[in-house]
Amino acid sequence: MMTESEILERTVVIGNELGLHARVATAMVQTMKNHSCHVTLVKNGMEVDARSVLGLLLLAATPGSELIVRAHGPGSQEAVEQISRLLENNGSDHVR
Amino acid sequence: MVQTMSDKQTVTPENGSQEFPQNTILKGVGVSVGIGIGQVVVMDRLVTEICPCRILTPEEIGDELARFENAVQEAEKRLNTIKSHIVADHPLGDHSYILDTHILLLRDKMLYEGTRRGIEQGRQNAEWALSEVMSRISTAFESVDDEYIRERAKDVYFVGERVLRLLLGVSTEKKIHQLPGNSILVVHDLSPADAAQIKRESVLAIATDIGGRTSHSAIMSRSLKIPAVTGLEKICRMVKTGDTIIVDGSTGLVILNPDAEMMFRYRQRQDLLRNYHQSLLAYGRLPAVTRDGSRTIKILANIELVDEIDIALAHGCEGIGLFRTEYLFLGREDLPSEEEQFEAYRAVLALNKPSPVTIRTLDIGGDKIASSLNLPPETNPAMGLRAIRLCLNLKGLFKTQLRAILRAAHYGNCRLLVPMISCITEIHSTKAIIAEVKAELGSEGVQFGEDTKFGILVEVPAAVAIADLLAREVDFFSIGTNDLIQYALAIDRLNEHVNYLYDTLHPAVLRLIRQVVNAGQAYGVSVAMCGEMAGDPVNVPILVGLGIDELSMNALSIPLVKKLIRSISYDDCLELTHQAFQMQSAQEIHDFLEKWIFEKFPGDYFLSQQ
């Protein structure tokens, strides 16, 4: 059982041919509406809120790049799962 | 090198305009002939450039936050309305997510909280705080390497501008329809939606910073008979509202601070031109039969607005060869209903009866974006989801338009024209939808034009290559030269750096046209041409020689084209065409055709160039 102060991290590789584009960012922010935990994405030292489409886009995460999903707070485990899944196969039907 | 859309040069903002010496001459591209002399009205596109800045008193901060919140809520409401229309109209295809993105952006931390911070901590008024945040965000986007991501700065502007307009209390459209009389409209660029709002009687001329001869603003200015010069680069910054300028759409010159003598010279030329055009009108009433009587070409008009029919009929059109329907969809936030479309189509059909009216189904996408569709920006829109591709994708939208057209067809002589066909499957899919719509109308007991002719716009080189296959499927072909040339020569016609390569008379273009005509003749399918090429007097003899059955053009060109056809013999046209096909370059062909016209019709040649 996790405590609220625990920070969860997972490294994911972007698995979509356009990278972290507007559609994925939109899906991610919508996903985050179901969660109350705090989730950020980190790339090359830049950390952005998973609730901000603009922040996510500004990461300029191209296909194949590596990101860290970082979360803390209630339900982080599940949020990290869902966010990682979106990043890894982009939430659309383009299975690679 | 091919340039992408995002490479457009930027204009450096300078505050106010400086005083220029008398008779300062600017050189642009003359895109619509005629001369305009009058007072400038500068209309800038982005409201971000006109936003007022004010430091708030501490007491005002609460109200200002509430004002901002209201604007955001209203913007959310409107975006949701648009979204609900779309959901109702088609199975949410691939593109509605962009609306969700825009809705989320309204509350995005960077944009929303950034603005609130500006109000609370910076004591900025909401407009100021928001535009500052918008420009900060777009600077951040500009430094991103990835071109796709960089383009998203546009979404920030789309959303931010919506809120700004609500804050400023300005409508979501530019107020072009409210221009004072005798204005010379100066804008950075003119979108088709802006152009559609222009009233002929209040605008004397148009001058823009960007655009080329075949941009949509150019085509619109020509059809509205308004002299226009584009590609002036910085005219928006060089003149201010109230300045007197001369716009010469024939030579592409704009004269700032004209002195009395310059004004006098231009007024004289204006009179000369007016008299010439008056004298040509008589030819409009006559049929376009070659001098020897062996060939008759039907001459029709291209229009975009129902209001243009009067001008078209006055110039002697024998029907409408191209009714562009996009303008019903542009410059608004929702989609036009079936009834609204039906009324527009019926009006055009009834006013032309029994002459034919060719209605082109929605040709949107590319450089024409309907805000109601909220299409995501594409990196290569000319080759993206547009025209028939978009319609087959948004079937609900397409069916609504087809219902309106088929119902209106009952009231006149209607021909249905489908744009951008590139393969036979698209024809089959389109016909299946038409059959479906007819069956529905039939079972509802609604009257419709059962025998509406079906044709395709031949504008993709692939369609030319398989014209023999496509001919078996259609009642008529219409060659859309503007796009055909753009695709065949790989020239972006809106890019002022390469549009000099856009050659109507390129030997490749002439061969493509010949191939379409041959296929049409082999299968008994009539071949029309509706691009800009059809209305240029220099091209008339070769088009007659090639065997085109119908030419559809800007109404103003009709009298002169009829005069020329009536003055030449079919044999001469065949001989001229044969010679042109021996030539190797566009320049050579152009010089040859121009010389031919010049020697036979020196007066018309000079005056038509004015």
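Trainee: Which helix do the buried residues of H10(B) pack against?

Mentor: They pack against helix H21 (558–567) of chain B. The buried residues in question are B:Leu280, B:Tyr283 and B:Gly284. Keep in mind, as we go, that this is a predicted model.

Trainee: What makes a residue such as B:Leu280 count as buried?

Mentor: The cut-off is 20 or more other C-beta atoms within 10 Å of its own. B:Leu280 is listed among the buried residues of H10(B). Across chain B, buried residues make up 49% of the 610 residues.

Trainee: How do you know that the length of helix H10 of chain B fits its number of residues?

Mentor: Helix H10 (residues 260–284) has 25 residues, and at 1.5 Å a residue it should span 36 Å. The expected span takes one less than the number of residues. The end C-alpha atoms of H10(B) are 37 Å apart, so the two values agree.

Trainee: Let's turn to chain A. Why is A:Asn44 called exposed?

Mentor: A residue is exposed if 12 or fewer other C-beta atoms lie within 10 Å. A:Asn44 has 11, so it is exposed. You will find A:Asn44 in the loop between strand E2 (38–43) and strand E3 (46–49) of chain A.

Trainee: And why does A:Pro74 count as partly exposed?

Mentor: A:Pro74 has 13 C-beta neighbours inside 10 Å. That count lies between the cut-offs of 12 and 20, so A:Pro74 is partly exposed. The residue sits in the loop between strand E4 (66–72) and helix H3 (76–89) of chain A. In space, A:Pro74 is 6.5 Å from A:Ser36, C-alpha to C-alpha, although 38 residues separate them in sequence.

Trainee: What makes the phi of A:Asn44 worth a look?

Mentor: Most residues other than glycine have a negative phi. A:Asn44 is not a glycine, yet its phi is positive, about 45 degrees. B:Asn23 also has a positive phi, near 60 degrees. B:Asn23 comes in the segment before strand E1 (24–27) of chain B.

Trainee: Is B:Asn23 exposed or partly exposed?

Mentor: B:Asn23 is partly exposed, because 13 other C-beta atoms lie within 10 Å.

Trainee: What kind of peptide bond joins B:Lys353 and B:Pro354?

Mentor: That bond is cis, with omega about 5 degrees. Most peptide bonds are trans. B:Pro354 lies in the loop between helix H12 (338–352) and strand E12 (356–360) of chain B.

Key
Residues are numbered from 1 along each chain as its sequence is written. Chains are lettered from A and ligands numbered from 1 in the order in which they are written. This is a predicted model: local features need pLDDT of at least 70, side-chain atom pairs count only at pLDDT 80 or more; totals for chains, interfaces and linings use all residues. Helices (H or I, at least four residues) and strands (E, at least two) are DSSP runs, numbered from the N terminus. Two residues are in contact if their C-beta atoms, placed from the backbone, lie within 7 Å.
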